[in-house]
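Please look over the sequence and the coordinates before reading on, since the explanation below moves through them element by element.

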Number of protein chains: 2
Amino acid sequence: MQSSTHIQANPNAIQPAYPSILDIQAYQIGKPIDELTRELGLTDVVKLASNENPLGCSPKVTLAITQELGGLARYPDGNGYYLKQTISDKTQTDLEQITLGNGSNDILDLIARTFVSSDDAVIYSQYAFVVYQMVTKMQGATGVEVPAKRYGHDLEAMLDGVKNNANAKVVFIANPNNPTGTLLTHDDVRAFASQVDALNKSEHRQVLVVLDEAYIEYSPESNNRALLDEFDNVILVRTFSKAYGLAGLRVGYAISSPAVSEMMNRLRQPFNVNTLAQVAAIASLQDDAFIDTCRTMNEQQRRWLCKQCDVLGLAFVPSSANFVMIEVGDGQAVYQALLEQGVIVRPLVGYGLPNWVRVTVGTPEDNTRLIDTLTDVLETV
Amino acid sequence: MQSSTHIQANPNAIQPAYPSILDIQAYQIGKPIDELTRELGLTDVVKLASNENPLGCSPKVTLAITQELGGLARYPDGNGYYLKQTISDKTQTDLEQITLGNGSNDILDLIARTFVSSDDAVIYSQYAFVVYQMVTKMQGATGVEVPAKRYGHDLEAMLDGVKNNANAKVVFIANPNNPTGTLLTHDDVRAFASQVDALNKSEHRQVLVVLDEAYIEYSPESNNRALLDEFDNVILVRTFSKAYGLAGLRVGYAISSPAVSEMMNRLRQPFNVNTLAQVAAIASLQDDAFIDTCRTMNEQQRRWLCKQCDVLGLAFVPSSANFVMIEVGDGQAVYQALLEQGVIVRPLVGYGLPNWVRVTVGTPEDNTRLIDTLTDVLETV
């Protein structure tokens with residue numbers, strides 16, 4: 001276990017609120033990917049880098065948006081009343097349990113901001129979603145990264161992390177995990193939440209367990225909604241950016257105990273979810289058939305992709321989401337070579353996985369193109 | 001001068017990161033205004049409560065949005081490359097000086113988050129935009145509210161606030177101010193920025209002066225863009241929610257020194273501005289004629305509204321924005337009575353101005369309806 005917060009000397013430059021902010025990589029100003037590929041002379045680009053839905057979004061969304069175009073000068077509904085109603089029906093939760101976010105990133109940020117001070121610690125796993133450590137650093141808090149077990153979360157070690165860090169306030173768990181695709185069983189997650197709950201009670205602590213379910217629609221069996229009825233220290237985080245196909249519009253949400261949600265809503269910017277995102281999310285939740293179609297295609301195509309990896313002799317991590325992490329040798333070089341052929345995947349050197357790339361499961365055409373191009377590339381890289 | 005941070009005892013409830021978060025009013029879960037007015041049986045409602053543009057947005061926006069509807073499953077451009085190009089051209093700044101926000105509220109929040117720790121202080125004026133004290137409390141920092149002078153900013157007293165609070169890191173100045181509408185002269189703002197700059201240099205401090213120019217399009221003479229060329233501690237904040245008529249889409253920005261922008265972009269969520277907001281903002285910036293029309297109507301109608309206040313014997317504060325603050329007696333009662341007649345204005349009791357309401361300048365029809373209804377209401381309240 002390592003603390004990721006350390007102070008850098010930076011005497012001549014402008015000083016941030018907390019030294020840990022200097023550890024966050026500044027976002028690079030650069031051209032968008034479509035501009036880059038245009039410059040490379042590529043006209044037929046396949047983007048399998050961001051786990052976006054290759055089938056787009058529900059056709060009901062366009063109609064919902066078109067009907068709202070006359071009202072853009074008005075502020076969004078700050079309560080997201082109708083959207084919360086729809087989420088409430090879908091998840092069998094009360095309105096008071098729901099917190100809306102400008103994508104689920106905004107929710108992860110809001111959790112850290114609401115409950116983590118600069119004196120506190122946050123627990124997350126090696127190879128887990130990079131935003132967990134970013135929001136920790138933004139708060140000037142101490143990040144405790146727990147080594148992974150077979151590329152997934154080691155819940156026993158994470159529990160030790162909670163026990164050994166008296167100032168730990170939040171545990172982030174991605175399930176399925178991004179970028180590895182691993183899934184925790186219900187029983188394991190429940191046991192973890194229960195042990196943290198017992199610790200909270202015996203030691204008068206307040207450790208919140210955040211289950212990031214961004215990919216839940218691709219593995220509905222991993223839905224841990226039931227835990228909310230048992231434990232008031234569990235927060236589930238969901239997004240419309242993945243299976244629902246609304247990444248461009250920015251909407252996500254948390255469901256939790258009313259007390260946790262009430263506190264988060266004090267800090268939430270009331271207009272964080274824009275008007276078109278609200279109506280699009282409502283329309284999306286009313287089209288289960290679209291999600292079923294997406295999940296079925298994803299399962300078939302993920303199976304096909306893994307079979308091709310076997311054929312190519314490439315290791316991969318079995319995935320419960322809409323992406324697969326593949327061991328390709330020099331991940332950065334393979335990424336670059338694929339890019340030059342118009343296939344965009346995600347290199348994982350930033351996750352400490354330099355030999356791997358993450359590929360989003362696309363349409364059959366996308367995936368065939370990926371495997372054909374990868375086969376060529378691996379002969380030369 | 002008063003410190004607004006104090007600790008509340010709350011031993012049995014869930015604890016936030018900082019006690020000052022308990023001072024922030026929890027956002028009330030409630031029905032949207034259109035649901036309320038429907039329940040009151042009102043079909044013809046005039047909303048003059050949020051300083052939205054009564055003429056909507058540029059007609060170029062609809063086309064720009066329609067062309068993007070096929071790409072909603074893709075994440076927004078995290079750099080906002082094309083939008084920044086357009087802002088850069090419009091404001092004569094470099095791309096490195098621009099920070100994009102999910103509305104300008106997001107920018108105000110980001111400024112506090114980037115530069116203000118829980119040990120620091122923030123200076124703002126009495127009767128200034130309420131978000132300044134909210135973001136201060138979110139950081140667990142100390143808010144220093146400086147008494148207003150004739151409902152506007154008292155820059156001399158604010159400079160004393162900076163001098164007397166060694167931990168002051170940010171000064172928020174709204175120009176024109178919301179909700180009072182007052183405007184500071186160029187010379188006064190420049191003198192203030194210069195004095196703070198001198199203080200920074202002589203005392204090795206880092207006090208940032210934030211000029212919130214949300215209403216700049218309604219009083220272009222108050223544009224303080226030139227200060228950025230002189231002082232690297234000045235941040236200008238702009239929004240597309242007011243004159244540009246895009247409140248529903250959420251987009252705003254800051255322009256500053258590159259060093260300040262670089263630090264803020266470390267904490268900015270890369271997808272904070274959605275795809276449709278980006279293309280809509282670009283289209284808006286390319287339609288100067290629309291802004292001219294809006295400004296001209298606003299000036300004529302604001303003059304008309306003020307004349308009607310004189311006729312009714314009501315005091316008002318001369319305004320440089322698209323709203324007027326009017327002294328009506330019991331502001332809350334007048335708000336309620338107007339609401340029941342289908343005219344929605346903003347009561348200001350939360351700003352410590354219980355005798356005043358703020359009314360947005362609407363179309364000629366809106367304003368006639370407001371004055372007629374207000375005339376009736378004042379006879380009974």
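What follows is a walk through strands, a helix, salt bridges and a charged surface patch.

The model is a predicted one, and every value quoted here is computed from it. A good place to begin is strand 8 of chain A, residues 234-239, where six of the six residues are buried. In a regular strand the side chains alternate between the two faces of the sheet. In this strand A:Val234, A:Leu236 and A:Arg238 point one way while A:Ile235, A:Val237 and A:Thr239 point the other way, and all of these are buried. Strand 8 of chain A has a parallel neighbour in strand 7 of chain A, residues 208-212, to which it is joined by four bridges, and within this part of the sheet A:Asp212 stands opposite A:Val237. Strand 9 of chain A, residues 252-255, is also joined to strand 8 of chain A by four bridges, but here the two strands run antiparallel, with A:Leu236 standing opposite A:Ile255.

In chain B, strand 9, again given as residues 252-255, can be followed to strand 3 of that chain, since four bridges join the two in an antiparallel arrangement. One of the paired positions is B:Leu100, whose bridge partner in strand 9 of chain B is B:Tyr253. Strand 3 of chain B, residues 98-101, is covered on both faces, with B:Ile98 and B:Leu100 buried on one side and B:Thr99 and B:Gly101 buried on the other.

Further along the sequence, chain A has an open sheet of four strands in the order 10-11-14-13, with antiparallel pairing. Its edge strands are strand 10 (316-317) and strand 13 (346-347) of chain A, each of which pairs on one side only. Strand 11 of chain A, residues 323-327, and strand 14 of chain A, residues 356-360, pair over five bridges in the antiparallel sense, and A:Phe323 has A:Thr360 as its bridge partner in strand 14.

Chain B also has an open, antiparallel sheet of four strands in the order 10-11-14-13, and its edges are strand 10 (316-317) and strand 13 (346-347) of chain B, each pairing on one side only. Strand 10 of chain B is held to strand 11 of chain B, residues 323-327, by two antiparallel bridges, and B:Val317 stands opposite B:Met325 in strand 11. The loop between strand 10 and strand 11 of chain B contains B:Pro318, which is exposed at a relative accessible area of 61%. Although B:Pro318 and B:Phe129 are 189 residues apart in sequence, their C-alpha atoms are 17 Å apart in space.

Among the helices, helix 5 of chain A, residues 131-138, is largely enclosed by the rest of the structure, because six of its eight residues are buried. The buried residues are A:Val131, A:Tyr132, A:Val135, A:Thr136, A:Lys137 and A:Met138. Just after this helix, A:Gly140 takes a positive phi of about 70°.

The charged side chains can be read next, and the count of salt bridges over all chains comes to 26. Which side chain of chain A meets B:Arg74 in a salt bridge? The partner is A:Glu52, with a distance of 2.5 Å from N to O. Because B:Arg74 lies in the loop between helix 2 (60-66) and helix 3 (81-91) of chain B, and A:Glu52 in the loop between strand 2 (46-47) and helix 2 (60-66) of chain A, this pair joins two chains. B:Arg74 is partly exposed, with a relative accessible area of 32%, whereas A:Glu52 is buried at 2%. A:Lys47 belongs with A:Glu52 and B:Arg74 in a network of salt bridges.

Within chain B, B:Arg238 forms a salt bridge with B:Glu213, the closest N and O atoms being 2.8 Å apart. Since B:Arg238 lies in strand 8 (residues 234-239) of chain B and B:Glu213 in the loop between strand 7 (208-212) and helix 8 (227-230) of chain B, the pair ties together parts that are 25 residues apart in sequence. Both B:Arg238 and B:Glu213 are buried. Another salt bridge links B:Asp197 and B:Lys201, with the closest N and O atoms 2.9 Å apart; the two residues are four residues apart in helix 7 (residues 186-203) of chain B, so they are separated by about one helical turn. B:Asp197 counts as buried at 10% relative accessibility, while B:Lys201 counts as exposed at 59%.

Finally, A:Glu156, A:Asp160, A:Asp187 and A:Asp188 form a negative surface patch, to which helix 6 (155-164) and helix 7 (186-203) of chain A each give two or more residues. A:Asp188, which lies in helix 7 of chain A, counts as partly exposed at 42% relative accessibility.

Methods:
Residues are numbered from 1 along each chain as its sequence is written. Chains are lettered from A and ligands numbered from 1 in the order in which they are written. This is a predicted model: local features need pLDDT of at least 70, side-chain atom pairs count only at pLDDT 80 or more; totals for chains, interfaces and linings use all residues. Side-chain values use heavy atoms; hydrogens and water are left out. Patches are made of residues with over 30% relative accessible area and no salt bridge: like charges are joined within 9 Å, nonpolar side chains (Val, Leu, Ile, Met, Phe, Trp, Tyr) within 5 Å. Accessible areas come from the Shrake-Rupley method with a 1.4 Å probe; for residues, only the protein chains shown count as cover. A salt bridge is a side-chain nitrogen of Lys or Arg within 4 Å of a carboxyl oxygen of Asp or Glu. Lys and Arg count as positive and Asp and Glu as negative; His and the chain ends are not counted. The place of a charge is taken as NZ of Lys, CZ of Arg, CG of Asp or CD of Glu. Buried means under 20% relative accessible area, exposed over 50%, partly exposed in between (1.4 Å probe, protein chains only). Two strands pair if DSSP finds at least two bridges between them.
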